[in-house]
Amino acid sequence: MSPTGRRRAVAHVLETLDLDGIRSNGYAFQVEVTYLAWLAGFRIREIPIIFYERAGDALMPSYTHMRRAMPVLVSHFLLSHAAALRRD
């Protein structure tokens, strides 16, 4: 992930790369994988992250991969599904 957006790796791209030959780690690992994918002829796209102003203080329980019932703002919950709703 870069500071301005998010990158997503597609499985068939990763299957074609020599991941055992990667020498870097951390953020440099992501840069190296992106570079190798680009060298292999794959298209690189970055999906921008859009930040919105806080729209209220209503909290609701949420289930995340880290914690059960972690309180989140209702507006953040709805924004997390906005892209899927627009797409579908």
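**Exercises on a predicted protein chain**

The protein chain exposes about 7800 Å², of which carbon and sulfur atoms supply 59%, the accessible areas coming from the Shrake-Rupley method with a 1.4 Å probe and, for residues, with only the protein chains shown counting as cover. The model is predicted, so that local features need pLDDT of at least 70 and side-chain atom pairs count only at pLDDT 80 or more, whereas totals for chains, interfaces and linings use all residues. Residues are numbered from 1 along each chain as its sequence is written, and side-chain values use heavy atoms, with hydrogens and water left out.

**Exercise 1.** Establish the order of the elements in the protein chain, and find which of them has the highest mean pLDDT.

*Solution.* Begin with the inventory, which is four helices and four strands, taken as DSSP runs numbered from the N terminus (helices H or I, at least four residues; strands E, at least two). Read from the N terminus, these elements follow the order β-α-α-β-β-β-α-α. Then turn to pLDDT, the predictor's confidence in each residue, from 0 to 100: the highest mean among the elements, 88, belongs to helix α2 (residues 27-39), and the lowest, 60, to strand β1 (residues 5-6). For the protein chain the mean is 76, with 68% of its residues at 70 or more.

**Exercise 2.** Identify the residues of the largest nonpolar core, and list what V33 touches.

*Solution.* First apply the burial criterion (buried under 20% relative accessible area, exposed over 50%, partly exposed in between; 1.4 Å probe, protein chains only); buried residues make up 16% of the 88 residues in the protein chain. Next, join buried Ala, Val, Leu, Ile, Met, Phe, Trp, Tyr and Cys residues through side-chain atoms within 4.5 Å, and the largest such core proves to hold five residues, namely V13, L17, I22, V33 and A37. Finally, examine V33 for contacts (heavy atoms within 4.5 Å): leaving aside residues up to four places away in sequence, V33 touches L14, L17, L19 and I22.

**Exercise 3.** Decide whether W38, A40 and R45 are each exposed or partly exposed, and locate them among the elements.

*Solution.* Start with W38, found in helix α2, which counts as exposed because its relative accessibility is 52%. Continue to A40 in the loop between α2 and β2; at 48% relative accessibility, A40 is partly exposed, and its C-alpha atom lies 8.9 Å from that of V13, 27 residues away along the chain. End with R45, found in the loop between α2 and β2 (47-48), where a relative accessible area of 54% makes R45 exposed; R45 and A9, 36 residues apart in sequence, are 10.0 Å apart from C-alpha to C-alpha.
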